[in-house]
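Visitor: I would like to talk through the aromatic contacts and the enclosed space in this model. Could you show it to me?

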Amino acid sequence: MPRWGMVIDLDRCTGCQACVVACKAENNIPFSSPKEAARKRIISWMSVLPMMEGEYPELRARFIPRPCMHCDNPPCVKVCPVGATYKNREGMVAQVYTQCIGCRYCTNNCPYTLKYFNWYTPEWPKEMEKYLNPDVSIRNKGVVEKCTFCHHRLQKAREKARVENRPLKADDYVPACVQTCPTEAIYFGDLDDPKSVVAQLSKGPRVFRLLEELGTEPKVFYLTEGEWHG
Amino acid sequence: MNRSILGRIKVSSSRIFIFFGGAILLIIVLAVILGFDWGGVRQPIAFNHKIHAENDLECLDCHPYYKEHASSGKPTLETCLSCHEEPLGESKEEGKLIEYIKSGEEIDWERLYRVPEDVYFSHRMHVIIGKIECNICHGDIGESSRPPSKPLKITMNKCMKCHEEKEADNDCIACHK
């Protein structure tokens with residue numbers, strides 16, 4: 001049984017936000033108006049957090065792309081009263097939209113603020129409707145959503161592998177952000193497979209995780225150097 | 001004087017109400033007893049599955065994709081044309097098909113089964129990997145001489161029970177997308 005995880009090399013990330021756009025297109029995430037964004041109601045399963053250091057002209061910008069951390073010890077799951085969010089056997093923190101009652105306990109309990117509530121019925125410009133991804137459901141107003149590690153891609157990849165009577169290969173399934181990253185800063189795979197790239201990178205000296213001290217055991221690892229370490 | 005007129009009007013309006021109400025109720029009861037088809041799916045041609053099955057046609061002959069894709073597919077006019085270029089019988093429904101063939105217009109078969117919007121269902125997965133027969137979900141459709149107006153009820157409980165029996169994945173996100 002794989003344990004899916006991600007490694008993001010911050011030295012490679014240029015902050016181009018291609019991952020953000022790819023995620024939105026892949027997962028039918030509606031556009032937000034400036035008004036909604038100002039009210040912090042923007043939905044972005046993958047968001048790049050800019051961190052500015054120093055002052056001009058000695059300014060240094062770093063970017064931290066943040067998908068759902070798919071914690072091994074997820075705080076959001078503990079508070080869901082209806083079992084709409086849970087950790088599956090492969091370590092993915094899943095969200096079942098039809099089960100969600102929209103109480104937003106999980107949204108508030110996520111220390112990374114990476115769960116998003118649908119404040120509005122999603123809408124797209126008419127000409128965009130036919131470009132929506134049929135493999136991803138459209139969430140209704142009043143439910144919480146989040147990054148799924150593009151789980152729908154796993155459903156399809158696994159089916160294909162089984163029909164072809166072979167095991168799932170490492171590159172059969174990667175989320176959209178990983179596929180699109182122009183600098184190949186994001187790695188994805190099975191953390192429990194010692195031969196996988198993610199397993200090896202996640203044990204390297206440059207690794208850190210966000211808010212590690214909380215004990216959430218995130219499965220998104222970051223690689224950096226210098227003062228970022230520790 | 002005025003009062004009695006008002007009284008009469010009141011009495012007669014309540015009688016009318018009872019009369020019409022009773023009549024409507026009777027119609028509804030009769031309709032339910034006689035099995036009136038409430039807005040079900042109506043196919044453009046009353047297709048006879050049975051007669052096709054008796055003539056050694058397999059499901060795959062008209063629903064060509066269920067071994068390869070998520071959806072099973074509906075027969076195109078070309079599929080029908082491969083046998084019905086000339087009328088094979090005298091039925092009225094075949095006559096309709098001949099009209100379609102003459103005009104070259106595709107038959108707009110109505111969709112009977114619809115997967116809920118939040119569910120990923122693949123025919124290929126179930127037929128090739130699960131090795132389940134069509135009738136497990138679709139019943140004796142091959143025995144029907146008229147197209148059903150309603151799909152058989154397939155509930156999540158039914159799916160999950162079968163998954164349990166076949167030791168298939170019963171994780172929510174194995175099917176919910």
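Visitor: Is A:F188 buried or exposed in this predicted model?
Guide: Happy to start there, and yes, the model is predicted. The relative accessibility of A:F188 is 10%. Buried means under 20%, so A:F188 counts as buried.

Visitor: How many aromatic pairs are there over all chains?
Guide: Rings pair when their centres lie within 6.5 Å. By this rule, the count over all chains is 7.

Visitor: What kind of pair do A:F149 and A:F188 make?
Guide: A pair of rings is described by the distance of the centres and the angle of the planes. Here the centres of A:F149 and A:F188 are 5.0 Å apart and the planes stand at 80°. Planes over 60 degrees apart count as edge-to-face, so the pair of A:F149 and A:F188 is edge-to-face.

Visitor: How many residues apart are A:F149 and A:F188 along the chain?
Guide: A:F149 sits in the loop between β7 (144-145) and α5 (151-163) of chain A, while A:F188 belongs to strand β8 (residues 186-190) of chain A. The pair links distant parts of the chain, with a separation of 39 residues.

Visitor: Is A:F149 buried or exposed?
Guide: The relative accessible area of A:F149 is 1%. The cut-off for buried is under 20%, so A:F149 is buried.

Visitor: What kind of pair do B:F47 and B:W109 form?
Guide: The ring centres of B:F47 and B:W109 lie 6.0 Å apart, with the planes at 85°. Over 60 degrees is the range for edge-to-face, so the pair of B:F47 and B:W109 is edge-to-face.

Visitor: Which residue has the charged end over the ring of A:F117?
Guide: A charge from Lys or Arg sits over a ring if its atom is within 6 Å of the ring centre and within 35 degrees of the ring normal. Over A:F117 there is such a charged end, 4.6 Å from the ring centre, and it belongs to A:R104.

Visitor: Which element gives the largest share of the lining of the largest cavity?
Guide: The largest cavity holds about 130 Å³ of space and is lined by 14 residues, with A:Y97, A:T148, A:H151, B:I173 and B:K177 nearest its centre. In chain A, β5 (93-95) and α5 each supply at least two residues of this lining. The largest share, 3 residues, comes from β5(A).

Definitions and conventions. Residues are numbered from 1 along each chain as its sequence is written. Chains are lettered from A and ligands numbered from 1 in the order in which they are written. This is a predicted model: local features need pLDDT of at least 70, side-chain atom pairs count only at pLDDT 80 or more; totals for chains, interfaces and linings use all residues. Side-chain values use heavy atoms; hydrogens and water are left out. Rings of Phe, Tyr and Trp (its six-membered ring) pair if their centres lie within 6.5 Å; planes under 30 degrees apart count as stacked, over 60 as edge-to-face and the rest as tilted. Helices (H or I, at least four residues) and strands (E, at least two) are DSSP runs, numbered from the N terminus. Buried means under 20% relative accessible area, exposed over 50%, partly exposed in between (1.4 Å probe, protein chains only). On a 1 Å grid over the protein atoms alone, a cavity is a set of points where a 1.4 Å probe fits but cannot get out, and a pocket is an open set with protein on both sides within 12 Å along at least five of seven lines; lining residues have an atom within 4 Å of a point. Grid points are joined across faces, edges and corners, and a volume is the space filled by probe spheres set on the points.
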